[in-house]
Amino acid sequence: MRRVYAIDDTAEMTLSVLYLHPISAFSGASRSLRELLGGLPESTVKPFVVLPRGRGAEILDMDGYSTEQTAGITQYDCTKFGHYRGLRWLIALRELALLPATVLACFRARRRWRDIDLIHANEITAVIAAVIMKALFRKPLMVHVRSVQQITGIPLRRRLLEYLLRRYADAVVAIDVTVRESLPADIHVDIVHNSFTPHASAKVPQAVADLRNRFHKNSLRVGMVGNLLAMKGVYEFLEAARLCVVSGLNVDFVLVGSNPRKLSGLSGTMLKWLGFSHDLEGYIARFTARNGLEERVHPLGFILDVQAIYESIDLLCFPSHLDAVGRPVIEAAWYGVPSLVAVERPRSDTLVDGETGLCIPSRDPEALAALIGRLCSRRDEVTRMGKAARALAETNFDARENGRSMLAVYQRVVNQYRKQFGA
């Protein structure tokens, strides 16, 4: 059920909001931030964005937003997938090394934008940088939680995260019920879902037009959309494709995305050697050639206009290791495309198993291939789930409605701050 947030219609002043976004790649969090900024009621928010240099910053610049860019932003990772363990402790060293750049970016933002009403940390991993920003600006802080947090096994790190939220966050917003359930029960958390604004492609990208010409007649078109990361289940998707082709199924597989970071030079070599990054673009090319899949597996690289992709496929796969419903599931739903998602306990606000899509085990390409094979001969089931997915999207993932909900949270936090401090 949608939560209803009341907007203060008497508030005439435009709020100046500083968005702290810690990710350089144009990721799901970047797309979600872009949708949020576009969905906020007109003239209610003046946005400023601090973020690392990269494709995400380039696209926000292209959109006309005011940005302050830096080499990187320190993150603190207690997420279910990325929390520090084993060799991943080396990532914590990288975050410490980024601290000077983070502090400098905060000071530059303070010098450029003095009249800020609210700080919005666009992911909980940016909490350290957000606390620094709050100390500099002396303004309220809202923390947006987009990832499922690790609940067990890291008590000290978990307690530190909870302390920072209780001590410094004036509001916490989760993107869905699953994420909210991974946060402390005693902390007030608003739920504002991720959003998407569907539209028919005005001009189909040439790569997509060429793709449509390569599809086999009456095939089931199965797609995977997002940055090429091992944790997103790319290896499993490719192996499932191989199994389907070996079985003689009439299925075309589409892979949309690119490596999220450059893997050349010493740093790239080290990241690959430690297993933190993978050249999946190269792996996909080698895998398809080795297994004779060039006619059935179609890698497209990065495409900004993902609408054209969803208009071209019948079924979306999100076989990630995150145990969560990812942003592509939300986007696909708007086009009546159901999803196969690796999630153990789906919540009805994002996925209804058997109704808007199907749940699959994580890291199990055989199970994924089996479900694709079943749906290949049951197109009516794909159509039925697609209609239900579209209905769920209209209820929970509407950009305008969620923009109003987020604005109501902003207004509540800013009004409370002004009453408390007389600012």
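In the predicted model, the buried residues of helix 9 pack against a set of elements that comprises strand 8 (220-225), strand 9 (251-256), strand 10 (297-301) and strand 11 (315-318), together with helix 11 (280-290) and helix 14 (365-376). The residues of helix 9 that are buried are V234, F237, L238, A240, A241 and C244, along with the acidic residues E236 and E239. Helix 9 covers residues 234-246, and because a rise of 1.5 Å a residue gives an expected span of 18 Å for its 13 residues, the separation of 18 Å between its end C-alpha atoms agrees with that expectation. After helix 9 comes G248, for which phi is positive, near 80°.

Aromatic contacts were examined by a search of the whole structure, which finds ten aromatic pairs. One of these is formed by F48 and W113, whose ring centres lie 5.0 Å apart with an angle of 35° between the planes, so that by the criterion of 30 to 60 degrees the pair is classed as tilted. Since F48 belongs to strand 2 (residues 45-52) whereas W113 is in the loop between helix 4 (99-112) and strand 4 (118-121), the pair ties together parts that are 65 residues apart in sequence. Both partners, F48 and W113, are buried. Elsewhere, Y76, Y84 and W89 make up one aromatic cluster.

Arginine side chains are also found over aromatic rings. R110 lies over the face of F137, at 5.3 Å from the ring centre, and the charged end of R167 is placed over the ring of Y168, at 4.9 Å from the centre of that ring.

Technical notes
Residues are numbered from 1 along each chain as its sequence is written. This is a predicted model: local features need pLDDT of at least 70, side-chain atom pairs count only at pLDDT 80 or more; totals for chains, interfaces and linings use all residues. Side-chain values use heavy atoms; hydrogens and water are left out. Helices (H or I, at least four residues) and strands (E, at least two) are DSSP runs, numbered from the N terminus. The expected span of a helix is 1.5 Å times one less than its number of residues. Buried means under 20% relative accessible area, exposed over 50%, partly exposed in between (1.4 Å probe, protein chains only). Contact means heavy atoms within 4.5 Å. Rings of Phe, Tyr and Trp (its six-membered ring) pair if their centres lie within 6.5 Å; planes under 30 degrees apart count as stacked, over 60 as edge-to-face and the rest as tilted. A charge sits over a ring if NZ of Lys or CZ of Arg is within 6 Å of the ring centre and within 35 degrees of the ring normal.
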